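Biologist: I'd like a close look at a single part of this model, one of its pockets. Please walk me through that part, then through whatever else helps me read the surroundings.

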Amino acid sequence: MARYKNITRTVTTRNALKFWWNTVRNYDGYVNDQDFFDIIEYNLKRGEVAAIIDGNFVDKELKPLKESKVEPLELNRDCIGFMLRRIWNEKPLRKGCRVVLKILRDRILRSLVPSDEDARFERRFATLCKFLGLDRVESDLLMLMYVRSATEFDDFPIDDGRSSLPLYLSMAVDHSYPEVLSALSRKGRLMRYNCMTDEYWFNRAEFGGYFDGMESVPLDERYYRLDESESLPWNFFGTLASEEGNILKEMLRARSRGGRLNVLFYGVPGAGKTSFARALATEAGLKRYELLQGEPEGKNMSAATRMAGIQIFNSRMATGGNVLLIDEADELLRTTGSFMGERMRGGSEKGVVNTILDGLKVPAIWISNAAADEMDESVRRRFDYSVHFRSLTLAQREKIWRNNIRKLDMGALIPESSAAALAGRYETSAGGITMVLENVKRLNPDSSTAARLVDRIMRPHCELMQSAIQDGKAGPAADYSLEGLNIKGDVGLDRILEAIRNFQKESAASGTSAQADRPRMNLLLWGPPGTGKTEYVKYVGSALQTKVVVRMGSDLLDKYVGGTEERIARAFAEAEAEKAILFLDEIDGLLQSRARADHSWEVTQVNELLHQMENFNGVMIGATNFFDSLDQAVLRRFTFKIEFGFLDDAGKRMFFERMFKTKLNAAESARLDAVANLAPGDFRTVRQSLHYLGSGVDNAMRIGELEKESRVKAGAKCGRIGF
């Protein structure tokens, strides 16, 4: 038996009776579920129903039923549903049964007393239908779905499953079957606006609170709002405004009277996508509306609700002069995912996304942190223009620091001249910079403590966001010198440094129009661990006042097919945007010989690195311990291949005296010369291990520790790179 729903509102019962009676009039078949008559069962007493039956049939009509050997009819004992089903299913009695059912319906209607709450419900329902633009068929179906969820009328004569339900719904609303099928289709407003589920059931999660009077928020404010907040000045965005913004302004203005235009801003979080979108809309002279992300009661909106909001906005606000900003669109656009290394479908349904993109009549700016490959190709190609937001460059961060210091009027606390140092120190996002400065201003420090306060708030933020903080460790050690290193070959490190400087000067002079066959500046540093490769890269960056972007080979490896190639391309792109030196440490993990490859992806990642090296307009330096395992084609791409060897005798004495601030006598020098395979890193290791032993440390102890390092090294595999 159907669950009884105790509803005090009479309007729903009245509508339930209407839909039930429509079904009774339009259906002429067998009833196999007596729950179909529950609406009578729960509103009238058995005795009065039995009396009405008895008064509308003569004895001879009911006699066969009463004397039946199977399910005999007993008016004084049977439940209402059983009595009505038995009579209905006797075809000669069906006409008379309809007369009885009409009398019963009318008796219930007369007992229903309208209330103020009924009037309010009807106004809310009418407002919703008008807001959604529903026609008569759709309005009747929506009311039917609500009534089925809120009253005792939730069963039809025969339960044939989902396929037959539209037929019974068409009987209940008294509209033609084709009209109902069209209204229930995925292209219909009821489905597009998330009014119903896939099972043709009322979506109570979406509109239940509104129908029940629990929500007072205006309908349009459930989905989108006019954003009248002040946007950042256009010149805050520098080259982004001039290079991307100008063409986008023209495209938006060309659609100022309405028309489809889908723009995608995607990339790393905190890169300023939302701020730029707001400023762009303002600069184009359009009213900007933002698609909401949260429901009135504070919960996050589902993707389905936000999709419905886009389509509602599209139907109501496509009159021209408007643009819709769809922030945090990741789950709306993401139609691919991965599991256990395999690509799989996920996120939104591709067909729904594409239908929305194709059907928009108003410009929309979609803002997403999702990577391009997380969106299906068919989704991506529907965007008229896209901007890829990458991690901020040093110059961009400096500009953001300056702009925020000026905007917040904090120049007396944090001079604009410090912006360059702050940008170099904290590799954070635009949002992080703004957040920290706003918090510092609220704390109202004096000028002597403001800088320390910035650092105090920025450090945990960078740790939380996994952003780098440059604490001066990017430069070489204080006592670093090229003198004493064992560099094998005819070209010394000082000449290599001069070659890089000449390359940078030529690049600056020619800009992006450099000749295609201009020699690249790719360096390979190879040799045993600790021989000075990493420290030399730091020295080059310091000497040339050029930032060094460090990527370990293991950082670029990805467990998903194609992921390593994407990371390699991203590393080169970030270094080129920063005009930085790209240092790929432990590069052997990426450049194993393709002749020994066991998997296709091992070949494609080498091919990707070759491609990037050929087209990179900056300085790339790779370091490895395993020269012999590298792909020969890759080796040819390096402009210089520099071998770092173990120290010779003169180098060992030089590093000993420089590191330990002491002099060697003849016997000590001879003992040191006899220690094999020493590298600069060994001297640093010994110096650090003896640091806390105090003044009792002498040269004999130091040489003894170096001998231990040599013996350990002889029996161990290659370890770290650099010192």
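By class, how many nonpolar, polar and charged residues does the lining of the second largest pocket have?

Modeller: Keep in mind that this is a predicted model. The lining of the second largest pocket has eight nonpolar residues, seven polar ones and five charged ones. In total, 20 residues line this pocket. The space inside comes to about 500 Å³.

Now look at the centre. Arg186, Met191, Arg192, Glu349 and Val352 are the lining residues that lie nearest to it. Start your view from these five side chains.

Next, the helices. Three of them each supply at least two residues of the lining: α11 (189-192), α15 (303-316) and α17 (350-359). Which helix gives the most to the lining of the second largest pocket? That is α15, with five residues.

Arg186 deserves a longer look. Arg186 is among the residues nearest the pocket centre. Its side chain also meets that of Asp198 in a salt bridge, at 3.3 Å from N to O. Arg186 sits in the loop between α10 and α11, while Asp198 sits in the loop between α11 and α12 (204-211), so the pair ties together parts that are twelve residues apart in sequence. How covered are the two partners? Arg186 is partly exposed, because its relative accessible area is 48%. Asp198 is partly exposed too, with 42%.

Stay in the loop between α11 and α12. Asn194 lies in this loop. Is Asn194 buried or exposed? Asn194 is buried, because its relative accessible area is 12% and the cut-off for buried is under 20%. Asn194 and Thr305 are 111 residues apart along the chain, yet 6.5 Å separates their C-alpha atoms.

Now step to α10, which spans residues 177-184. Leu181 is found in this helix. Leu181 counts as partly exposed, because its relative accessibility is 37%. Together with Leu167 and Tyr177, Leu181 makes a nonpolar surface patch of about 230 Å².

Salt bridges come next. How many does a search of the whole structure find? The search finds 43. Arg186 with Asp198 is one pair. Two others show how such a contact can span the sequence.

Take Arg85 and Glu71. Their side chains meet in a salt bridge of 3.4 Å, N to O. The pair links distant parts of the chain, 14 residues apart: Arg85 is in helix α5 (residues 80-88), and Glu71 is in the loop between α4 (59-66) and α5. The partners differ in cover. Arg85 is buried, because its relative accessible area is 10%. Glu71 counts as partly exposed, because its relative accessibility is 36%.

Then take Arg278 and Asp227. Their side chains also meet in a salt bridge, again at 3.4 Å from N to O. Here the two parts linked are 51 residues apart: helix α14 (residues 273-283) holds Arg278, and the loop between β1 (224-226) and α13 holds Asp227. Arg278 counts as partly exposed, because its relative accessibility is 25%. Asp227 counts as buried, because its value is 5%. This pair has company. Salt bridges with shared partners join Arg225, Asp227, Arg278, Arg288 and Glu290 into one network.

Helix α13 covers residues 238-254, and Asn246 is found in it. Asn246 counts as partly exposed, because its relative accessibility is 37%. Asn246 and Leu280 are 34 residues apart in sequence. In space, 9.0 Å separates them, C-alpha to C-alpha.

Last, two backbone points. Gln545 is not a glycine, yet its phi is positive, near 50°. Gln545 is found in the loop between α24 (533-544) and β11 (548-552). Gln545 counts as exposed, because its relative accessibility is 76% and the cut-off for exposed is over 50%. Asn677 is another non-glycine residue with a positive phi, about 55°. Asn677 lies in the loop between α30 (666-673) and α31 (680-690). Asn677 is partly exposed, because its relative accessible area is 39%.

Back to your pocket. For a first view, show α11, α15 and α17. Then add Arg186 and Asp198 with their salt bridge.

Methods
Residues are numbered from 1 along each chain as its sequence is written. This is a predicted model: local features need pLDDT of at least 70, side-chain atom pairs count only at pLDDT 80 or more; totals for chains, interfaces and linings use all residues. Side-chain values use heavy atoms; hydrogens and water are left out. On a 1 Å grid over the protein atoms alone, a cavity is a set of points where a 1.4 Å probe fits but cannot get out, and a pocket is an open set with protein on both sides within 12 Å along at least five of seven lines; lining residues have an atom within 4 Å of a point. Grid points are joined across faces, edges and corners, and a volume is the space filled by probe spheres set on the points. Helices (H or I, at least four residues) and strands (E, at least two) are DSSP runs, numbered from the N terminus. Ala, Val, Leu, Ile, Met, Phe, Trp, Tyr, Cys and Pro count as nonpolar, Asp, Glu, Lys and Arg as charged, and the others, Gly among them, as polar. Patches are made of residues with over 30% relative accessible area and no salt bridge: like charges are joined within 9 Å, nonpolar side chains (Val, Leu, Ile, Met, Phe, Trp, Tyr) within 5 Å. Accessible areas come from the Shrake-Rupley method with a 1.4 Å probe; for residues, only the protein chains shown count as cover. A salt bridge is a side-chain nitrogen of Lys or Arg within 4 Å of a carboxyl oxygen of Asp or Glu. Buried means under 20% relative accessible area, exposed over 50%, partly exposed in between (1.4 Å probe, protein chains only).
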